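Open the model in a viewer and keep the selection panel at hand. The stops below say what to select next and what is there.

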Amino acid sequence: RQGIGLRAYGQNDPKVEYKREGFAMFEEMIAAIQEETIRRVANLRHFNNVRYGAAAYRYLQTTDFTWQPDLFDFTSFQNYPSRSADGVLLKEAESSDVFEGRYDGGGYFICDLRFGGEEENLGLFAQVGHSGELTKIALVDGEVTGGGKYTGALAGINEGYIHVCYTSSTTVEGNGVVGGLAGANDGVVENCYVNFGETTDNEFF
């Protein structure tokens, strides 16, 4: 209040300054709420929406995910993947999608997910940004087939923090740089392990 009064000496309208300060405080409050709010991921629709360039929120997986061809029909939902006759996940995260949130898999399984494409960055998340974090993700019995530059089971490129994650019996194939967790890693990966089903690549990370 004292600061607003001082601005009057500078020929600033106090009412305008109050509104401006109030709006700035409101934006700060909303940002703090978004940062602290945990969004629950309870099904494949939720999860797929998180993968597609979601904002920097916190996410918590609350159950196992198993791809079942007849359970979901994404074709009627905008921005959700279509499915082939055998039910495999066709639409991969775009190479331009950078995940800057925090995804906590809760130790639950993500089973039988299959995806592939020619995107430059291919993985469960195309790219984990500098502020992104993946933890407690368990990818089991999956298939990742990439024709682009970077292919990984969890991320095509990791620039953030991946920890306490693992993949098991998951096949990763690509024409460029391929990794069991991340195709290319410019961030931190720790306390993770990979039990390969099979890996085929030109250069293994």
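## Stop 1: a charged network

Select Asp 104, which counts as buried because its relative accessibility is 11%, below the 20% cut-off for that class. The model is a predicted one.

Add Arg 102 to the selection. Asp 104 and Arg 102 form a salt bridge, and their closest N and O atoms are 3.7 Å apart. Arg 102 itself has a relative accessible area of 27%, so this residue is partly exposed.

Now add Glu 133. A salt bridge joins Glu 133 to Arg 102 as well, with the closest N and O atoms 3.2 Å apart. This pair links distant parts of the chain: Glu 133 belongs to strand 10 (residues 133-135) and Arg 102 to strand 5, with their positions 31 residues apart. Glu 133 is buried, at a relative accessible area of 17%. Through shared partners, the salt bridges put Arg 102, Asp 104 and Glu 133 in one network. The count of salt bridges in the model is two.

## Stop 2: the aromatic rings

How many aromatic pairs does the structure hold? There are eight. Show the rings of Phe 47 and Tyr 103: their centres are 5.6 Å apart and their planes stand at 70 degrees, so the pair is edge-to-face. Phe 47 comes from helix 3 (residues 44-51) and Tyr 103 from strand 5 (residues 102-104); the two are 56 residues apart, and the pair links distant parts of the chain. Both Phe 47 and Tyr 103 are buried.

Move on to Tyr 59 and Phe 99. Their aromatic pair is tilted, with 6.2 Å from centre to centre and 40 degrees between the planes. Here too the pair links distant parts of the chain, 40 residues apart: Tyr 59 in strand 2 (residues 58-61) and Phe 99 in strand 4 (residues 98-99). Are these two rings on buried or exposed residues? Tyr 59 is buried, with a relative accessible area of 7%. Phe 99 is buried too, with a relative accessible area of 2%.

To see the wider group, select Phe 47, Tyr 57, Tyr 59, Phe 65, Phe 99, Tyr 103 and Phe 125, which form one aromatic cluster. Keep Tyr 57 and add Arg 39. Arg 39 lies over the face of the Tyr 57 ring, 3.5 Å from the ring centre.

## Stop 3: the parallel sheet

Switch to a cartoon view and colour strands 4, 9, 14 and 18. They make an open sheet of four strands in the order 4-9-14-18, with parallel pairing. Strand 4 and strand 18 are at the edges, each with a single partner strand, so one side of each has no neighbour in the sheet. As background, strands in a sheet pair through backbone hydrogen bonds, either parallel or antiparallel.

Select strand 9 (residues 125-128) and strand 14 (residues 155-158), which run parallel and are joined by three bridges. Within this pairing, the bridge partner of Gln 127 is Ile 157 in strand 14. Val 128 has Asn 158 of strand 14 as its bridge partner.

Cross to the other pairing of strand 14. Strand 14 pairs with strand 18 (residues 182-185) in the parallel sense, over three bridges. Which residue of strand 18 stands opposite Ile 157? That residue is Ala 184.

## Stop 4: a loop contact

Select Gly 147, in the loop between strand 12 (143-146) and strand 13 (150-152). Gly 147 counts as partly exposed because its relative accessibility is 22%. Add Glu 118 and check the C-alpha atoms: those of Gly 147 and Glu 118 are separated by 4.4 Å, although the residues are 29 apart along the chain.

## Stop 5: a nonpolar surface patch

Finish on the surface, with Phe 23, Phe 26 and Met 29 selected. These residues form a nonpolar patch, with about 320 Å² of accessible area together. Phe 26 is placed in helix 2 (residues 14-36). With a relative accessible area of 46%, Phe 26 is partly exposed.

Methods: Residues are numbered from 1 along each chain as its sequence is written. This is a predicted model: local features need pLDDT of at least 70, side-chain atom pairs count only at pLDDT 80 or more; totals for chains, interfaces and linings use all residues. Side-chain values use heavy atoms; hydrogens and water are left out. Patches are made of residues with over 30% relative accessible area and no salt bridge: like charges are joined within 9 Å, nonpolar side chains (Val, Leu, Ile, Met, Phe, Trp, Tyr) within 5 Å. Accessible areas come from the Shrake-Rupley method with a 1.4 Å probe; for residues, only the protein chains shown count as cover. A salt bridge is a side-chain nitrogen of Lys or Arg within 4 Å of a carboxyl oxygen of Asp or Glu. Buried means under 20% relative accessible area, exposed over 50%, partly exposed in between (1.4 Å probe, protein chains only). Two strands pair if DSSP finds at least two bridges between them. Rings of Phe, Tyr and Trp (its six-membered ring) pair if their centres lie within 6.5 Å; planes under 30 degrees apart count as stacked, over 60 as edge-to-face and the rest as tilted. A charge sits over a ring if NZ of Lys or CZ of Arg is within 6 Å of the ring centre and within 35 degrees of the ring normal.
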